[in-house]
Amino acid sequence: MSATNEPTGDVVTVQAGVVLGAVTDRPLDLAAHEAAVADRRAGAVVSFQGVVRDHDHGRGVTRLEYEGHPTAEAVLREVAAEIAADPAVYAVAVSHRIGPLEIGDVALAAAVSTAHRAAAFAACARLVDEVKARLPIWKRQVFDDGTEEWVNCP
């Protein structure tokens, strides 16, 4: 998938265990990510959505804009593959938005399936943490006083 393609919820195996890994300018669908990792062996599906909030460090935020490096999708899939390599993990789906986002929009959607809940919670947390640490996507925050800042460049 590319920056202009919308994750549809169709299961597209990117590589073993990674069923969806996309950077897109289209709205993200958490339910599609959860459905993508469904597996008959799974007793747990844990998902996460990172949502644009109206504040940051005590300052009001009016909107965000994400810009991604051309390698962003490859890095996202690499991180997903690392999580999927865990023998306890059955499937991983993760997507990140780029472009302008409003308060309440989903910026990151992730889902992981495993046999048991503890492993699913741990794997999903690792996935989100690694994406935030390594993904070459920059965030421009616009504050309610008209100022702005660029953040989150790994």
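Here is a short chat between a colleague and a modeller about a predicted model.

Colleague: Let's start with the sheet. Which strands stand at the edges of the open sheet of four strands, each with a single partner strand?

Modeller: Strands of a sheet pair through backbone hydrogen bonds, either parallel or antiparallel. In this open sheet the order is E1-E5-E7-E2, and the pairing is mixed. The strands at the two edges have a single partner each, so one side of each is left without a neighbour in the sheet: they are E1 (18-24) and E2.

Colleague: By how many degrees are neighbouring strands of this sheet turned against each other on average?

Modeller: Take the strands in their order, E1-E5-E7-E2. If you ignore direction, the average turn between neighbouring strands of this sheet is 5°.

Colleague: Do E1 and E5 pair in the parallel or the antiparallel sense?

Modeller: Strand E5 covers residues 89-97, and six bridges link it with E1. One place to look is Ala22, which stands opposite Ser95 in E5. The sense of the E1 and E5 pairing is parallel.

Colleague: Now E4. How many bridges join E4 to E8?

Modeller: E4 also pairs with E6 (residues 99-102), where the two strands run antiparallel and are joined by four bridges; there, Glu65 has Pro100 as its bridge partner. With E8, you can find Glu67 opposite Trp138. E4 and E8 run antiparallel too, and the number of bridges joining them is seven.

Colleague: Which residue takes a positive phi in the hairpin of E3 and E4?

Modeller: E3 and E4 pair in the antiparallel sense over two bridges, and Asp56 has Arg59 in E4 as its bridge partner. Two residues sit between the strands of this hairpin. The one with a positive phi near 50° is His57.

Colleague: On to the helices. Why is H2 called roughly antiparallel to H3?

Modeller: H2 (residues 72-84) and H3 have axes that come within 10 Å, and H2 passes H3 in a right-handed crossing. Their axes cross at roughly 150°. Angles over 145 degrees count as roughly antiparallel, so that is what H2 is to H3: roughly antiparallel.

Colleague: Last topic, the largest pocket. How many residues of its lining are nonpolar?

Modeller: The largest pocket holds about 400 Å³ of space and is lined by 21 residues. Elements giving two or more residues to that lining include E4 (59-68), H3 (117-134) and E8 (137-143). Five lining residues are polar and four are charged, while the nonpolar ones number twelve.

Colleague: And which lining residues lie nearest the centre of the largest pocket?

Modeller: Pick them out from the 21 that line the largest pocket. Nearest its centre lie Tyr66, Ala107, Lys132, Lys139 and Asn152.

Technical notes. Residues are numbered from 1 along each chain as its sequence is written. This is a predicted model: local features need pLDDT of at least 70, side-chain atom pairs count only at pLDDT 80 or more; totals for chains, interfaces and linings use all residues. Side-chain values use heavy atoms; hydrogens and water are left out. On a 1 Å grid over the protein atoms alone, a cavity is a set of points where a 1.4 Å probe fits but cannot get out, and a pocket is an open set with protein on both sides within 12 Å along at least five of seven lines; lining residues have an atom within 4 Å of a point. Grid points are joined across faces, edges and corners, and a volume is the space filled by probe spheres set on the points. Ala, Val, Leu, Ile, Met, Phe, Trp, Tyr, Cys and Pro count as nonpolar, Asp, Glu, Lys and Arg as charged, and the others, Gly among them, as polar. Two strands pair if DSSP finds at least two bridges between them. Axes are lines fitted to C-alpha atoms, for helices over the stretch in contact, and angles run from 0 to 180 degrees between N-to-C directions. Angles under 35 degrees count as roughly parallel, over 145 as roughly antiparallel, 65 to 115 as roughly perpendicular and the rest as oblique. A crossing is left-handed if the near helix is turned anticlockwise from the far one by less than a right angle, and right-handed if clockwise.
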